[in-house]
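Here is a short report on a single chain. It starts with one helix pair, then turns to cysteines, the overall fold and one side chain.

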Amino acid sequence: MSLNGRYALGILLTFILLGIVMLYVFPAIHFISEGTATPTATFVYSRIILWIVLLSIILYSFLIEKQPFLLWQDIAYSFFFYLKKVFSLYLICAVGGAFLNFLIRFFIHESMSSRLVQLSEIFKNNYGLIIFTCLTAGVVEELLMRGYIQPRVEKIYKNRYAGIVVSAVLFGILHSAYGTIGQVVIPCFIGIVFALFYKIYSNIKILILCHFMYDFVSLMMMNILDLKHLSVF
């Protein structure tokens with residue numbers, strides 16, 4: 001198999017594994033535990049499985065592709081650059097996401113995702129779980145969607161925009177498990193913003209920090225103000 005073929009297989013494997021986790025891991029854990037696992041424990045197990053998926057794709061890149069996991073070498077920047085970019089990216093995603101959420105609710109009258117409503121009860125006053133969830137989302141999703149998928153799609157199609165669009169669309173589709181249009185459109189928008197940044201600045205750490213910050217603020221708002229706020233997860 002050619003290198004591009006191995007890249008394509010790795011992308012497909014990543015998407016399938018993440019899709020399985022998003023769609024089937026909760027009922028699978030419920031079945032294996034015979035219903036004895038608490039909702040909190042089930043959610044923690046699902047996040048641990050996401051780390052296992054990340055490890056599996058890292059091994060695939062080294063053993064099958066025989067390539068570094070991150071095809072684009074991270075460029076080092078100053079502390080103030082990190083600070084400025086994390087907050088600017090956060091503001092773009094927060095304002096843009098809020099605007100898209102307003103449009104969706106105004107024109108479609110979409111109700112809140114029932115799955116998010118259930119998860120909001122799990123996170124209530126559980127700050128350790130909030131931090132673990134945000135860390136998992138920031139590290140796993142950014143390393144896989146931007147760090148792994150984006151540059152490989154670009155290599156396959158020899159088109160910088162293909163990597164940006166495909167990684168963002170896949171990111172949005174994976175969030176369709178939450179059952180609302182907003183949970184597809186908003187992550188897709190954020191995926192485009194992040195992918196553009198990664199292409200321009202080639203620094204995955206800033207995206208991880210911003211993703212963590214976005215989810216952390218969202219979950220804290222849900223927890224403290226009891227808002228059913230749309231989040232990336």
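## Helix pair α1 and α5

In this predicted model, helix α1 (residues 3-32) and helix α5 (residues 127-157) have axes that come within 9 Å and cross at roughly 145°. The crossing of α1 past α5 is left-handed. On the α1 side, the contact uses Asn4, Tyr7, Ala8, Gly10, Ile11, Thr14 and Leu18. On the α5 side, Leu144, Met145, Tyr148, Ile149, Arg152, Val153, Lys155 and Ile156 take part. By class, the residues of this contact are ten nonpolar, three polar and two charged.

## Cysteines

How many disulfides does a search of the whole structure find? It finds zero. A disulfide is a covalent bond between the sulfur atoms of two cysteines. The cut-off for such a pair of sulfur atoms is 2.5 Å. Why is Cys134 not bonded to Cys210? The sulfur of Cys210 is the closest cysteine sulfur to that of Cys134, but they are 12 Å apart, so the distance is too far for a bond. Cys188 is in no disulfide either. Its nearest cysteine sulfur belongs to Cys93.

| Cysteine | Nearest cysteine sulfur | Distance |
|---|---|---|
| Cys134 | Cys210 | 12 Å |
| Cys188 | Cys93 | 12 Å |

Cys134 is also buried, because its relative accessible area is 0%, and the cut-off for buried is under 20%.

## The chain as a whole

The chain holds eight helices and zero strands. From the N terminus, the order of elements is α-α-α-α-α-α-α-α. Along the principal axes, the C-alpha atoms fill a box of roughly 45 × 45 × 35 Å. Does the radius of gyration agree or disagree with a compact globule? The chain has 18 Å, and a compact globule of 233 residues would have a value near 17 Å, so the two agree.

Buried residues make up 48% of the 233 residues. Contacts across the sequence count strongly here: of those with a separation of 6 or more, 77% join residues 24 or more positions apart.

## Leu129

Leu129 sits in helix α5. Is Leu129 buried or exposed? Leu129 is buried, because its relative accessible area is 5%, under the 20% cut-off. Which residues does Leu129 contact, leaving aside neighbours within four places in sequence? They are Thr40, Phe43, Val44, Ile122 and Phe123. Pro187 lies 58 residues from Leu129 along the chain, and their C-alpha atoms are separated by 22 Å.

How values were computed:
Residues numbered from 1 in each chain as written. Predicted model: local features only at pLDDT ≥ 70, side-chain atom pairs only at ≥ 80, totals over all residues. Heavy atoms only, no water. Axes fitted to C-alpha atoms, helices over the stretch in contact; angles between N-to-C directions. Helix = DSSP H or I, 4+ residues; strand = E, 2+ residues; numbered from the N terminus. Left-handed = near helix turned anticlockwise from the far one by under 90°. Contact = heavy atoms within 4.5 Å. Nonpolar A, V, L, I, M, F, W, Y, C, P; charged D, E, K, R; others polar. Buried < 20%, exposed > 50% of the residue type's maximum accessible area, 1.4 Å probe, protein only. Rg over C-alpha atoms; globule rule 2.2 N^0.38 Å.
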